[in-house]
Amino acid sequence: MNKKDKKKILNLMGGYRFDGTAKERFKLMWKQILVSLLLIWIFPIGFAKAKIMKLEWVASHTIVNGTRLKFKAKAAALAGQQIKWFFCMLFTLGFYGWKLSVKVREWRMAHTFADSKPVVNYYTCNN
């Protein structure tokens, strides 16, 4: 293929061409692998943090027998539990899933407690 044919092909393509090399592609591949590993590590913790924020909000807006509930847990602890639960499900071919909902509730209740101050509001003071 001569220069005239190459120029004609470039004109048909709208004048665009790619001039990347295999070395650059190899560097890009390694960057993509590193980013994927980072996301695999960060995603469970980010998901766990969002879940904990939701559970904290729900608990802080729940009153039981005149006492407000609180939820205290760390995102890394929940991420570790989720990874452990995932591998248990994987190794038991999904049979651990029947027990998983109970385990999740047990974990959630273990980190939920009553606040030491009783709640006083209009409804409890009005006789």
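Okay, let's start with one residue: Asp115 sits in strand S3, which covers residues 112–118. Helices and strands here are DSSP runs, numbered from the N terminus (H or I with at least four residues for a helix, E with at least two for a strand). Before I go on, this is a predicted model, so local features need a pLDDT of at least 70 and side-chain atom pairs count only at pLDDT 80 or more, while totals for chains, interfaces and linings use all residues. Residues are numbered from 1 along each chain as its sequence is written, and side-chain values use heavy atoms, with hydrogens and water left out.

Back to Asp115. Is Asp115 buried or exposed? Its relative accessible area is 18%, so Asp115 is buried. The cut-offs are under 20% relative accessible area for buried, over 50% for exposed, and partly exposed in between, with a 1.4 Å probe and protein chains only. And what does Asp115 touch, if we don't count residues up to four places away in sequence? That would be Thr67, Arg68 and Lys70, where contact means heavy atoms within 4.5 Å. Also, Asp115 and Phe71 are 44 residues apart in sequence, yet their C-alpha atoms are 9.6 Å apart in space.

Now let's zoom out. The protein chain has five helices and three strands, and along the sequence they run α-α-β-β-α-α-β-α. Of the 127 residues in the chain, 14% are buried. If you take contacts between residues at least 6 apart in sequence, 59% of them join residues at least 24 apart. As for the surface, the chain exposes about 11,100 Å², and carbon and sulfur atoms supply 66% of that. Those areas come from the Shrake-Rupley method with a 1.4 Å probe, and for residues, only the protein chains shown count as cover.

How confident is the predictor? pLDDT is its confidence in each residue, from 0 to 100. The chain averages 79, and 80% of the residues score at least 70. Among the elements, H4 has the highest mean pLDDT, at 88, and helix H5, residues 122–125, has the lowest, at 53. Keep this in mind: where pLDDT is low, the predicted coordinates should not be read in detail.

Next up is helix H3, residues 75–91. It has 17 residues and reaches 24 Å from its first C-alpha to its last, close to the 24 Å expected at 1.5 Å a residue. That expected span is 1.5 Å times one less than the number of residues. Which residues of H3 are buried? They are Ala75, Leu78, Ala79 and Trp85. Looking down the axis of H3, these buried residues fall within an arc of 125°, so they line one face of the helix. The arc is taken from the directions from the helix axis to the C-beta atoms. On the other side of H3, you'll find Ala76 and Phe91 exposed.

What covers that buried face? The cover includes helix H2 (22–60) and helix H4 (97–110). Ile45 is a nice example, because it lies in H2 and has 30% relative accessibility, which makes it partly exposed. Leaving aside neighbours within four places in sequence, Ile45 is in contact with Ala75 and Ala79. Its C-alpha is also 9.7 Å from that of Gln82, 37 residues apart along the chain.

On to the aromatics. How many aromatic pairs does the structure hold? Four. In the pair Phe87 and Phe91, the ring centres are 6.1 Å apart and the planes are at 25°, so the pair is stacked. The rule covers rings of Phe, Tyr and Trp (its six-membered ring): they pair if their centres lie within 6.5 Å, and planes under 30 degrees apart count as stacked, over 60 as edge-to-face and the rest as tilted. Phe87 and Phe91 are both in H3, four residues apart, about one turn of the helix. Phe87, at 38% relative accessibility, counts as partly exposed, and Phe91, at 66%, counts as exposed. Together with Phe86, they form one aromatic cluster.

Last stop: Leu93, in the loop between H3 and H4. Its phi is near 55°, a positive value in a residue other than glycine. Leu93 is exposed too, with a relative accessible area of 73%.

Key
pLDDT = per-residue confidence, 0-100.
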